[in-house]
Amino acid sequence: MNYFLEKLKNLKNKKFVQDVFTLQLGAIFSTGLAFLVSVVLARILGANLYGQYSLIFAFAALLCTFTDVGEHYATITMMAESYAKKDATEIKNILTYFLKISLIIFGALGLILIVFSPYISEIMYGDFSLGQASRYVVLATLLTFGFSFYSIVLQVTRRIKNLTIFENINKIVHSLLPILLVLLGFKLWGVIFGNLLSSVIFLAISVIAYSLITKRDSMLPKIIDLFKNFKQISIRKYFNFGFLVSVDKNLAKLYSILPIIFMGYFVGNSAIAQFKIASSYILIPFTLMSPISRLLIVQLPKSKVMGFDYLKKHYYRVTLLSPLILIIVLIPFLFVAPYLVKIFYGSEFAPSVNLIYWLVPQALINSLGVGFGPIYRTINKVKYAIISNLTTLICGSVIGFLAIKNFGVKGGILMLTAFVAISTLFNLYLINKFLKKLTPPRNN
């Protein structure tokens, strides 16, 4: 017993565990806020408009997959290793790449999608207005590059408390502005323009905040120096790694988007709303998972610098503990689901309770993959993650399309579960195989 308590004490004193706990507190607040926002919007908009809102944002997310070339995850992975080595020059080059590629995407591909999104939605759904609404969501997403830039800096430099505060203030603004506009009578357009206005506000805040932090950290270059460095930095140097990361992340992101996209063909807005409520509820216990994955993006590259044995130990420990954490948190949430949904959302959304239980297998399997992305990027095997996700996506999409066509919303849940199960098993096999082959570098 004393040995066990001593182990817990040592674990508590580890910097990684402390940072995870800090992010978890922030994530709990953020998730609670998101839950309240969904309650307010569902109550005010009703099932039909709430389903329409879900489809608009899913369609915008589908379009935005083409604007993500992996600059976020590539930057954070490469910068984490450079910051651990105290390589100020490389840090400057990596941040320049992020800023340069973000502006290129915004000025080229992003504007094309904004202009043509109504025509795309008309081709897909025969609904021009869906794309008209989605174009503002696409614009809001493109403007978040400033927020992402500053968040990366805080995460890499391990200013976790500042990161948590910054992100939660962002969540509050992104939550309150849409609700305020909805309450003022703008309904669905209030959500859309509230989201856009919030992105504009935090673009400005991020620029100011980064300017202040560079005065306290000599490793971080000033914004003006990043712009001056544009001509010296070739995008190609970092693009290949970043692009592979983006393909991997976008394929995984499509897992959650495609069920709603397919449902838009076969079920009504009310049914989509029930699915949205259920999937949002089951994600609440994942509050404790997301901070672990985020910190692994920074921690695993540092572990790699310290040695391959340390890297393997860190990855396996997190992979085994994550499902146990989720089960402990998930059980009470499942028990109170019928009461919480009825109390907060109302009887109109009561059918979503049954869907919550259908989503449990998918949630449990998904918890095993908390470290997949970070470990693939750390050992530079992203192309294998892409092969895994692409194979899963192709097979699962065909099965899922037919499942939704024949079984409606429950078919969408079966589609999600199939995606996650096939992908998780394949990735566990590949990663274990790669980690066994890792050997310490020889000294010449």
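T157 counts as buried, with a relative accessibility of 10%; the cut-off for that label is under 20%. Keep in mind that this is a predicted model. So where does T157 sit? Its place is in the loop between α6 (residues 145-156) and α7 (residues 160-213).

**Around T157**

Let's look at the company T157 keeps. Leaving aside residues up to four places away in sequence, T157 touches Y83, D217 and L220. There's also a polar contact from the side chain of T157 to the side chain of R159, at 3.0 Å.

R159 has another partner: it forms a salt bridge with D217. The closest N and O atoms of that pair are 3.2 Å apart. What does this pair tie together? R159 lies in the loop between α6 and α7, while D217 lies in the loop between α7 and α8 (residues 223-228), so the salt bridge links parts that are 58 residues apart in sequence. Both R159 and D217 are buried. How many salt bridges does a search of the whole structure find? Just one.

Here are the two pairs that involve R159, side by side:

| Pair | Kind of interaction | Distance |
|---|---|---|
| T157 and R159 | polar contact between side chains | 3.0 Å |
| R159 and D217 | salt bridge, closest N and O atoms | 3.2 Å |

**Over to helix α4**

Now for another part of the chain. Helix α4 covers residues 88-125, and it has a kink of about 55° at F116, shortly before the proline P118. After α4 comes G126, which has a positive phi, near 70°.

F116 also turns up in a nonpolar surface patch of about 580 Å². The other members of the patch are F66, L109, I112, V115 and Y119. Take V115 as an example: this residue is found in helix α4. Is V115 buried or partly exposed? It is partly exposed, because its relative accessible area is 43%, and that category runs between 20% and 50%. A bit of background helps when you look at the numbering: an α-helix has 3.6 residues a turn, so residues three or four places apart point the same way.

**The whole chain**

Zooming out, the protein chain has 17 helices and zero strands. It has 444 residues, of which 53% count as buried. Among contacts with a separation of 6 or more, 82% are between residues 24 or more positions apart. As for the outside, the chain exposes about 20,800 Å², and carbon and sulfur atoms supply 67% of that area.

Notes: Residues are numbered from 1 along each chain as its sequence is written. This is a predicted model: local features need pLDDT of at least 70, side-chain atom pairs count only at pLDDT 80 or more; totals for chains, interfaces and linings use all residues. Side-chain values use heavy atoms; hydrogens and water are left out. The bend at a residue is the angle between axes fitted to the seven residues ending there and the seven starting there. Helices (H or I, at least four residues) and strands (E, at least two) are DSSP runs, numbered from the N terminus. Buried means under 20% relative accessible area, exposed over 50%, partly exposed in between (1.4 Å probe, protein chains only). A polar contact is a pair of N or O atoms within 3.5 Å; within protein, one must be able to donate a hydrogen and the other to accept it, and residues adjacent in sequence count only if both atoms are side-chain atoms. Contact means heavy atoms within 4.5 Å. Patches are made of residues with over 30% relative accessible area and no salt bridge: like charges are joined within 9 Å, nonpolar side chains (Val, Leu, Ile, Met, Phe, Trp, Tyr) within 5 Å. Accessible areas come from the Shrake-Rupley method with a 1.4 Å probe; for residues, only the protein chains shown count as cover. A salt bridge is a side-chain nitrogen of Lys or Arg within 4 Å of a carboxyl oxygen of Asp or Glu.
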